[in-house]
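Here are my notes on the model you sent, arranged as numbered points. Please read them with the structure open beside you.

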Amino acid sequence: MNIPPHQAETEMLAAVGARHQLWPADVDPIILARGSENTTFTIDGWIVRHSIHAQVQAQEVALLSALAESVAVPVPTPVFHEPELGLFAYRRLPGTPLLHTNVRHTRSVERGLVEVLGALRTLDAARHLPLDAYPNKDWHQDAIRHFQDVRDYLSDSQVQLVEAFIDQEPPPARAATIPQHNDLGAEHILVDARGHLTGIIDWTDAARTDPARDTGSIYRDLGGRSAFRISEALGRPITDDEAMRIRFHARCRWIEDVTFGLERPGTRHAYLANARRTFEHTFGNTR
């Protein structure tokens with residue numbers, strides 16, 4: 001569903017487009033997403049992001065600019081940044097979110113993720129990312145709470161597997177943190193019709209955090225073998241402890257996504273379809 005912006009936003013975007021000579025003033029912008037802190041517009045092949053947090057946005061712009069210069073995989077590349085307005089823009093990347101396809105387990109995606117995540121860990125700009133120290137015990141409590149919301153959506157056998165997971169103690173905290181995308185779900189991985197990686201988007205949540213966060217999301221959406229190959233290629237061998245931590249985050253993210261999808265099943269059905277597709281391997285024990 002196309003959501004029109006407010007009149008003041010339309011006027012602001014028309015002025016910005018004219019100032020930077022990027023899009024005609026008579027092209028109407030469309031809202032892709034609106035949250036309490038960020039709004040994302042699309043207009044004439046461009047993506048424009050508006051944020052109420054100037055410092056956070058400046059960190060994202062710096063990170064994306066540095067990352068775009070370091071990797072061949074397309075990432076959003078800012079073409080302008082007006083911090084006084086809380087705006088930056090980039091060309092819309094080609095491809096379809098993996099969330100909306102049935103393509104999985106492609107080595108192209110794995111190679112691209114290794115390249116991008118590996119580069120991310122070496123960038124000076126990434127050292128200034130915020131620390132996301134949300135503890136595993138809180139992830140676990142969130143999963144327990146969300147499970148009550150999704151229980152009726154699951155089959156009896158699925159309920160048993162999820163109950164077995166949430167009955168376990170969460171992994172203990174660890175001091176290690178590394179720069180990560182921190183929301184590397186299938187909705188943010190773009191692929192072409194053959195399943196080849198064409199881009200990684202939405203870096204708003206990038207942070208220094210537990211190494212199992214990104215690989216947990218990869219485990220959920222691409223499967224354990226892909227997640228473990230990527231982890232090892234990034235220099236983190238798959239010990240029993242690391243595998244347990246990756247599965248923990250994969251399962252918490254799975255429950256979280258089902259909750260998100262069930263809030264608005266009419267418009268978020270792709271999340272529910274992805275959850276159906278990924279349940280078996282997410283709650284299995286691929287090694």
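1. Helix α1 (residues 7-20) lies across β1, β2, β3 (46-51), β4 and β5 (87-91), and its direction runs at about 130° to that of β4. Helix α2 (residues 54-70) packs on the sheet as well, where it touches β3, β4 and β5, and its direction makes about 25° with that of β5. Please keep in mind throughout that this is a predicted model.

2. The sheet beneath these helices deserves its own description: it is an open sheet of five strands in the order β1-β2-β3-β5-β4, with antiparallel pairing. Because β1 (30-34) and β4 (80-82) stand at the edges and have a single partner strand each, one side of each is left without a neighbour in the sheet. From one strand to the next, the twist averages 20°.

3. At the β1 edge, the pairing can be followed residue by residue: β1 and strand β2 (residues 38-43) are joined in the antiparallel sense over four bridges, and arginine 34 stands opposite threonine 39 in β2.

4. Does helix α3 (residues 107-120) have the expected or an unexpected span? With 14 residues at 1.5 Å a residue, α3 should span 20 Å, and its end C-alpha atoms are 20 Å apart, which agrees. Buried residues in α3 are Ser108, Val109, Glu110, Gly112, Leu113, Val116, Leu117, Ala119 and Leu120. Their cover includes α2, which also packs on the sheet, together with β7 (178-180), β8 (189-191), β9 (197-200), α6 (212-222) and α7 (224-233).

5. Helix α6, part of that cover, also meets helix α9 (residues 269-282), the two axes coming within 7 Å and crossing at roughly 105°. Since angles of 65 to 115 degrees count as roughly perpendicular, α6 and α9 are therefore roughly perpendicular to each other. The contact is made by Tyr219, Arg220, Asp221 and Leu222 of α6 and by Asn274, Thr278, His281 and Thr282 of α9. By class, this contact of α6 with α9 has two nonpolar, four polar and two charged residues.

6. A last point concerns serine 157, which is found in helix α5 (residues 156-166). Is serine 157 buried or partly exposed? Its relative accessible area is 47%, and because the partly exposed range lies between 20% and 50%, serine 157 counts as partly exposed. The C-alpha atoms of serine 157 and tyrosine 134, which are 23 residues apart along the chain, are separated by 30 Å.

Notes: Residues numbered from 1 in each chain as written. Predicted model: local features only at pLDDT ≥ 70, side-chain atom pairs only at ≥ 80, totals over all residues. Heavy atoms only, no water. Helix = DSSP H or I, 4+ residues; strand = E, 2+ residues; numbered from the N terminus. Buried < 20%, exposed > 50% of the residue type's maximum accessible area, 1.4 Å probe, protein only. Pairing = 2+ DSSP bridges. Axes fitted to C-alpha atoms, helices over the stretch in contact; angles between N-to-C directions. Contact = heavy atoms within 4.5 Å. Expected span 1.5 Å × (residues − 1). Parallel < 35°, antiparallel > 145°, perpendicular 65-115°, else oblique. Nonpolar A, V, L, I, M, F, W, Y, C, P; charged D, E, K, R; others polar.
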